[in-house]
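Hello,

Here is the structure I promised to pass on to you. Please have a look at it first, and then read my notes below.

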Amino acid sequence: DERVARLEAVTGGDIEAIVHRLTAARLDEQQRRMDEAVGDMLSRISKLSQSVTVSVEELTQDAKKDRVRMHRAEERLAETQQQLTTSSVASRELTNRVGLVEESVGDLRRAAEAADLSARVNRDKRADSAMAA
């Protein structure tokens with residue numbers, strides 16, 4: 001009681017009002033700190049959101065580019081397959097032609113051999129005729 005009386009004397013007698021003001025000041029300071037913390041968090045969230053948005057946009061652009069590259073690669077693959085098919089057909093045609101040429105060369109050799117044999121037979125006959133005459 002003595003302390004309360006001294007405190008009332010020093011403060012002008014209205015302890016309740018002083019306690020109320022101190023409590024209000026503390027609450028105001030706590031509210032200010034909370035507001036700052038919330039503001040900082042909102043700022044961080046906004047920055048993160050912007051960063052995520054940029055990252056998503058970059059990934060979307062990369063995916064579009066990848067799709068275009070994939071489409072081009074598929075087109076080149078189709079062209080290559082077509083060229084391979086064409087080359088395969090041409091190769092078969094050339095193989096057939098080579099076979100025909102080889103057959104023709106064989107026929108020509110046989111004809112040349114037959115002509116050579118015929119020429120020898122004719123020479124021999126002429127030689128025999130010349131000797132008989």
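In which helix is isoleucine 18 found? Isoleucine 18 is found in helix 2. Please keep in mind that this is a predicted model, and that the values below are computed from it.

**The overall picture**

The chain has two helices and zero strands. Its radius of gyration is 55 Å, whereas the globule rule gives 14 Å for 133 residues, so the chain is more spread out than a compact globule. If you turn the C-alpha trace onto its principal axes, the spans come out at about 180 × 25 × 15 Å.

Helix 2 covers residues 15-132, and two pairs of residues may help you get a feel for the distances. Isoleucine 18 and glutamate 103 are 85 residues apart along the chain, and 125 Å separates their C-alpha atoms. For histidine 20 and valine 98, which are 78 residues apart, the C-alpha separation is 113 Å.

**What is covered and what is not**

Of the 133 residues, 1% count as buried. The chain exposes about 12200 Å², and 57% of that area is supplied by carbon and sulfur atoms.

Is histidine 20 buried or exposed? Histidine 20, which has its place in helix 2, has a relative accessible area of 57%; the cut-off for exposed is over 50%, so this residue counts as exposed. Isoleucine 18 has a relative accessibility of 24%, and because partly exposed runs between 20% and 50%, that is the class this residue falls into.

There is also a nonpolar patch on the surface, formed by Val38, Met41, Leu42 and Ile45. Together these residues have about 400 Å² of accessible area. Methionine 41, which lies in helix 2, is exposed, at 51% relative accessible area.

**Charges and salt bridges**

The chain carries 22 positive and 25 negative charges, and the mean positions of the two sets are 8 Å apart. How many salt bridges does the structure hold? There are six salt bridges in the structure. Here are some that you may want to find on your screen:

- Arginine 69 and aspartate 66: their side chains meet in a salt bridge at 2.7 Å, N to O. Both residues lie in helix 2, three residues apart, about one turn of the helix. Arginine 69 is partly exposed at 48% relative accessible area, and aspartate 66 is partly exposed at 43%.
- Aspartate 107 and arginine 110: here the salt bridge has an N to O distance of 2.4 Å. The two residues are again in helix 2, with a spacing of three residues, about one turn of the helix. Aspartate 107 counts as partly exposed, with 46% relative accessibility.
- Aspartate 116 and arginine 120: the side chains of this pair meet in a salt bridge at 2.6 Å, N to O. In helix 2 they sit four residues apart, about one turn of the helix. Aspartate 116 is partly exposed at 37%, and arginine 120 is partly exposed at 41%.

Which residues are linked in a network of salt bridges? They are Glu29, Arg32, Arg33 and Glu36.

**In short**

What you have in front of you is a predicted model of a chain with two helices and zero strands, more spread out than a compact globule. Only a small share of the chain, 1% of its residues, counts as buried. Among the features to look at are the nonpolar patch around Met41 and the network that links Glu29, Arg32, Arg33 and Glu36.

Happy viewing, and best wishes

Terms used. Residues numbered from 1 in each chain as written. Predicted model: local features only at pLDDT ≥ 70, side-chain atom pairs only at ≥ 80, totals over all residues. Heavy atoms only, no water. Patch = residues over 30% accessible without salt bridge, like charges linked within 9 Å, V, L, I, M, F, W, Y side chains within 5 Å. Areas by Shrake-Rupley, 256 points an atom, 1.4 Å probe, with all protein chains shown as cover. Salt bridge = Lys/Arg side-chain N within 4 Å of Asp/Glu carboxyl O. Buried < 20%, exposed > 50% of the residue type's maximum accessible area, 1.4 Å probe, protein only. Rg over C-alpha atoms; globule rule 2.2 N^0.38 Å. Lys, Arg positive; Asp, Glu negative; His and termini not counted. Charge placed at Lys NZ, Arg CZ, Asp CG, Glu CD.
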